[in-house]
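Visitor: I work at the bench and would like to learn how to read a model like this one. Could you take me through it?

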Amino acid sequence: MAWLELSDVAITLGARDVVGGVSAEVGEGELIVLVGPNGAGKTTLVRAIAGLVAPRTGTIRVLGHDPLRAPRRVIARELAYLPQRYELAFPFAVEEVVLLGRYAQQRGLGLASDEDLAAARRAMAACDVAHLAARRFDELSGGEARRVIVAQALCQGARCLLLDEPTAGLDPAHARAIFAMLRAQCDAGAAAIVVTHDLDLALRHGGSMWLVAGGRLVARGSPAQVLATAETRAAFDLPIHVGTLPSGEPFAVPA
Amino acid sequence: MSGFLSGTAGRLTGRRLVGALAICAGVTAVIAALAPLVGVVADRAGWHLAVMDPGAAAVGSPDHAVLWVRIPRVAASLVVGAALAGAGCALQALLHNPLAEPFTLGISSGASLAAVLAIRLGIEGAFGTAGIGGAALIGAAGTLLVVWRLARIGKHLPPATLVLAGVTMSMFCSSASMLIQSTSDFTDMSHMMLWMIGGMETVRLVTVGYAALPIGLGLTVLVVYARELNALAAGTDVAASLGVAVGRTQSVIFGTASLLVGAAIAVCGPIGFIGLVVPHALRMLLGPDHRLLLPASMLGGAAVLTLCDTLARTVVPLHHLPTGAVTAVLGVPCFVAILVGQKQRAVLWGHG
């Protein structure tokens, strides 16, 4: 069974058709990189999968649940969503922010159990923010804050990850580490859809690539194949050069 | 103690929660126990401040009657202070707005308008003082419904529309109150003025008793939703993804906070600044986790309003100052001090 299923999904925001005719499936272990130019409808599409926007037509299923109608707690146990923008109204400490990810697993007062603390520690270590645990979230740099909220999403313990630009604002080493970590999560049985503008990282770490342009899923396949298509060149208005480094690793740059 | 009270102590543990709340409850209990014993008395030396012997509680003691004049005021201050600070803390979290308090959302103005109307229509003659309190409660509930309907988009209550709807309703109700006042006779007008300043002088113990039950229930509901308020600090999308039923949570918290304010206003008229200053000050001291901050604000609000009311009846001998004016006069400088310090503002609200 596919974990995430989209069938003929169309989304209208206000009077504007933002997404149309998207059908796709994501199964266990898959790491999908979702690419496309600004305003292509990537964020709207992942928001709809998270159950935050209602599709005009079509159906979305998250492990069999309709994300719009199922109780939020049920969806949260299966799917973690990292939004493109994240603002925290109060000066929580980093560890508290990561522990907010445990909401759906907790009852009553929700004081952190040993299990919650272990999950938070693992997530913070995976995102290289363990040393920031006691720092105030609002005093972090942009990239550090981004890594903390990726850790929050991981800490949720959900099988499906839906991450909208998790590496925006990250230095190259940390951006690469986040993608390597996501690859490891998927190899261990998770499934992820990752929106990114970093085509090089998408090529190196993505299992398959979805190209969205004008609200439609215009190309799908291995990242190397998709980046070479005429659709990609048309969507970005640039040819993308895919090559191989002396070490044998692939790379992608706008030509 | 610094471990319990430090705003940067990090994760909330059971020990820190119990310890910090025990300190807050202890301080509040001491203030509540001492407040009725303090008062202005007359003897050969003239009018001066005196602390009564706790033995006055015994029936037959000469001070017994005096004590029982003060006890309803103290009881009212405790209940109303807890309601206003609890509601203010919850509304700041719900609206992501440091200036949110019971008065921002128009609830207080709506209650005042209904009370002014009740005085004008002579309700007091028919139902006694309770009639005005009842009218205030109805006014608060009515305003709550209008603001909620105006602000609601789909299932959600976006903070920006909620503040906008609240401020609009607040201005409308204040202006309508002023129109009614300006066309009233002198007796009604002074009665309205007194009511709108807010005070504990005429509060009866039975009124406090009636208000205590709904206020207690409301405060319990807010504490139950403390974890949801924490998650909402990251915005509605994140809260929903974490598993919070956002629409229901927003409606329950907004409705509960508004009714708490309505009940508090019904007891003693509008009392300002408790709902604004107390949660801010405690957030600096205890950190932003609502599982601790909400109950601590309730205890803190009870303590601060009791202190203010004790000052109101003792600072100027023979003149009982209106409690609402004392809280505002003391609260405004506190709040200005908080706002002026850029560094402190960053501590309060994240970004400087």
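Guide: Gladly, and let us begin with pairing: two strands pair if DSSP finds at least two bridges between them. Helices (H or I, at least four residues) and strands (E, at least two) are themselves DSSP runs, numbered from the N terminus. With that in hand, A:Leu162 stands opposite A:Ile193 in strand 7 of chain A.
This is a predicted model, in which local features need pLDDT of at least 70, side-chain atom pairs count only at pLDDT 80 or more, and totals for chains, interfaces and linings use all residues. Residues are numbered from 1 along each chain as its sequence is written, while chains are lettered from A and ligands numbered from 1 in the order in which they are written.

Visitor: In what sense do strand 6 and strand 7 of chain A pair, and over how many bridges?

Guide: The general idea is that strands of a sheet pair through backbone hydrogen bonds, either parallel or antiparallel. Here strand 6 and strand 7 (residues 191-195) of chain A pair in the parallel sense over 5 bridges. Another facing couple there is A:Leu163 and A:Val194 of strand 7. Strand 5 of chain A also pairs with strand 6 in the parallel sense, over 4 bridges, and A:Tyr81 stands opposite A:Leu162 of strand 6.

Visitor: In what order do the 6 strands of that open sheet of chain A come?

Guide: The order is 5-6-7-3-8-9, with mixed pairing. Strand 5 and strand 9 (216-221) of chain A are the edge strands, each pairing on one side only. From one strand to the next, the twist averages 15°; for such angles, axes are lines fitted to C-alpha atoms, for helices over the stretch in contact, and angles run from 0 to 180 degrees between N-to-C directions. Helix 5 of chain A packs on this sheet, touching strand 5 and strand 6, and its direction makes about 165° with that of strand 5. Contact here requires that the C-beta atoms of two residues, placed from the backbone, lie within 7 Å.

Visitor: Is strand 6 of chain A mostly covered or exposed?

Guide: A residue is buried if 20 or more other C-beta atoms lie within 10 Å of its own, exposed if 12 or fewer, and partly exposed in between, with C-beta atoms placed from the backbone. Strand 6 (residues 160-164) of chain A is mostly covered, with 5 of its 5 residues buried. A:Cys160, A:Leu162 and A:Asp164 are buried on one side, and A:Leu161 and A:Leu163 on the other.

Visitor: Which strands form the antiparallel open sheet of chain A?

Guide: In that sheet 3 strands follow the order 2-1-4. Strand 2 (16-26) and strand 4 (57-62) of chain A have a single partner strand each, so one side of each is left without a neighbour in the sheet. The twist averages 25° from one strand to the next. Strand 1 (residues 4-13) and strand 4 of chain A share 5 bridges in the antiparallel sense, and A:Glu5 has A:Arg61 of strand 4 as its bridge partner. Helix 1 (residues 42-49) of chain A packs on the sheet, touching strand 1, strand 2 and strand 4, at about 120° to the direction of strand 1.

Visitor: How do I read a helix, and which residues of helix 4 of chain A are buried?

Guide: Start with length: the expected span of a helix is 1.5 Å times one less than its number of residues. Helix 4 (residues 114-126) of chain A has 13 residues and should span 18 Å, which agrees with its end C-alpha atoms being 18 Å apart. Its buried residues are A:Asp116, A:Ala119, A:Ala120, A:Ala123, A:Met124 and A:Ala126. They cover an arc of only 160° around the axis, which puts them on the same side of helix 4 of chain A; the arc is that of the directions from the helix axis to the C-beta atoms. On the other side, A:Asp114 and A:Ala118 are exposed. The cover over the buried residues of helix 4 includes helix 3 (94-99), helix 5 (142-155) and helix 6 (172-187) of chain A.

Visitor: Which residues are buried in helix 2 of chain B?

Guide: Those are B:Arg16, B:Ala20, B:Cys24 and B:Thr28. They fall within an arc of 85° seen down the axis, so they line one face of helix 2 of chain B. Exposed residues on the other side include B:Val18, B:Ala22 and B:Val30.
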